[in-house]
Amino acid sequence: MKLATLKQGGRDGTLVVVNRSLSHCRAVPAIARTLQAALDDWDVSEPQLRQVYEALNSGAFNDQMPFDPVLCHSPLPRAYQWADGSAYVNHVELVRRARGAELPPEFWTDPLMYQGGSDSFVGPCDPMLALSEDWGIDLEAEVAVIIGDVKMGTSAAQCAPAIRLLMLVNDVSLRNLIPGELAKGFGFFQSKPASAFSPVAITPDELGADWRDGRVHRPLTVHINDQLFGQPDAGTDMVFNFPQLVAHVTKTREMEAGSIIGSGTVSNKQGDLNGSSIANGGVGYCCLAEVRMYETIETGKPQTSYLKFGDKVRIEMFTTDGNSLFGAIEQEVKPYPG
């Protein structure tokens, strides 16, 4: 099943069911006006939403609307919680290696995670806004899950059934603001502006066999200015799966329906550093910081700049048949107009 939120009907938008081909959609106010409302009563709403989804795919409705991602907000325009992990330890290892630091052994057994701002997400086709290019504007292409209610102390195995939906996310980072914030010992804040999620959230069964062991086993495709930048596999080298990430949060607290957990930047180990980029036969990257780390390791300093105003980013994932699973996050970097 595929769900989206249109930018109409108030701050939390209007929930629509989207057909598998992402061509048409239908509002479902009699079932749930918003996605959060559906998640709050998922056992009741999910079967009804699925009936609409099946009817949409069979062409049973005469009043369906064309689906346009430009009209979409993130599936949850705001959420009760947004916590982002760092499940791809290769990404963390590269960053530390570039500055000559060893990776602490506990990073392989206990996931890193930060709590991001969730009061205002950005639509999938809305711009990436910043006041200055000097802040080091970077994309981070990831996978995320929306969960149902989870009790404190729930095991990873018990967390798996609580995963309701999957999305893609651009977890924007302002790299040049990060060192000063981390030096204070309290983590990210100003360096993590509003994230953008894919136009569509999907139930795990839409992935078929590509959803297994709590991971999405599909390449995540990233373009910058229409040039292929990365296509690492999201299931490969994911040290902590999504149930483990959810269990990490619930060690000390309950989680409420509608909470979002991110995977962290998708990153694959690539052996020979010279083969890491797309141009050199590698799978490329999901953030600019990673290619800059490779350049630092290889040449002593980064060569690639961060994003500039006017740059365009596209993040998408496809089925084996080449069909878009979630729709695309398509954003242009722009100066904040306020």
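## Close-up views of salt bridges, strands and pockets

**The side chains of Glu254 and Lys151 are joined by a salt bridge, with 3.8 Å from N to O.** A salt bridge here is a side-chain nitrogen of Lys or Arg within 4 Å of a carboxyl oxygen of Asp or Glu. The model is predicted, so local features need pLDDT of at least 70 and side-chain atom pairs count only at pLDDT 80 or more, whereas totals for chains, interfaces and linings use all residues. Residues are numbered from 1 along each chain as its sequence is written, and side-chain values use heavy atoms, without hydrogens and water. The two partners come from distant parts of the chain, 103 residues apart. Glu254 lies in the loop between α6 (242–249) and β19 (259–262), and Lys151 in the loop between β10 (141–147) and α4 (156–159). Helices (H or I, at least four residues) and strands (E, at least two) are DSSP runs, numbered from the N terminus. Glu254 has 43% relative accessibility and counts as partly exposed, while Lys151, at 58%, is exposed. Buried means under 20% relative accessible area, exposed over 50%, and partly exposed in between (1.4 Å probe, protein chains only).

**Lys7 and Asp126 form a salt bridge, their closest N and O atoms lying 2.7 Å apart.** This pair also ties together distant parts of the chain, with the two positions 119 residues apart. Lys7 belongs to the loop between β1 (2–6) and β2 (14–18), whereas Asp126 belongs to the loop between β7 and β8. Lys7 has a relative accessible area of 41% and is therefore partly exposed.

**Arg314 and Glu316 pair in a salt bridge, one of 16 in the structure.** The closest N and O atoms of Arg314 and Glu316 are 2.8 Å apart. Glu316 is buried, at 6% relative accessibility, whereas Arg314 is partly exposed, at 29%. Elsewhere, a network of salt bridges links Asp138, Glu140, Asp171, Arg175 and Lys192.

**Strand β17 pairs with β18 and with β20 in an open sheet of 5 strands.** The strand order is β8-β21-β20-β17-β18, and the pairing is mixed. Strands pair if DSSP finds at least two bridges between them. The edges of the sheet are β8 and β18 (227–230), each of which pairs on one side only. β17 (residues 220–224) runs antiparallel to β18 and is joined to that strand by 3 bridges. On the β20 side (residues 312–317), β17 is held by 5 bridges, and these two strands also run antiparallel. Of the 5 residues of β17, 4 are buried, and the strand is mostly covered.

**The hairpin of β17 and β18 has 2 residues between its strands.** Asn225, in the turn, has a positive phi of about 55°. Ile224 of β17 has Gln227 as its bridge partner in β18. In β20, Val313 stands opposite Ile224.

**The largest pocket has a volume of about 880 Å³.** A pocket is an open set of points on a 1 Å grid over the protein atoms alone, where a 1.4 Å probe fits, with protein on both sides within 12 Å along at least five of seven lines; lining residues have an atom within 4 Å of a point. The volume is the space filled by probe spheres set on the points, which are joined across faces, edges and corners. The lining comprises 32 residues, and those nearest the centre are Val95, Arg175, Ile178, Leu182 and Phe188. Two or more lining residues come from each of β6 (82–85), α3 (89–98), β7 (113–115), α5 (178–183) and α7 (288–299). The greatest contribution, 5 residues, is that of α3. By residue class, the lining holds 14 nonpolar, 9 polar and 9 charged residues. (Ala, Val, Leu, Ile, Met, Phe, Trp, Tyr, Cys and Pro count as nonpolar, Asp, Glu, Lys and Arg as charged, and the others, including Gly, as polar.) Arg175, which is among the residues nearest the centre of this pocket, also takes part in the salt-bridge network with Asp138, Glu140, Asp171 and Lys192.

**The second largest pocket has a volume of about 400 Å³.** Its lining consists of 18 residues, with Leu129, Ala130, Leu174, Pro193 and Ala194 closest to the centre. β8 (128–130) and β21 (329–335) each contribute at least two lining residues, and β8 has the largest share, with 3 residues. The lining divides into 15 nonpolar, 2 polar and 1 charged. β8 is also an edge strand of the open sheet, where the strand order places β8 beside β21.
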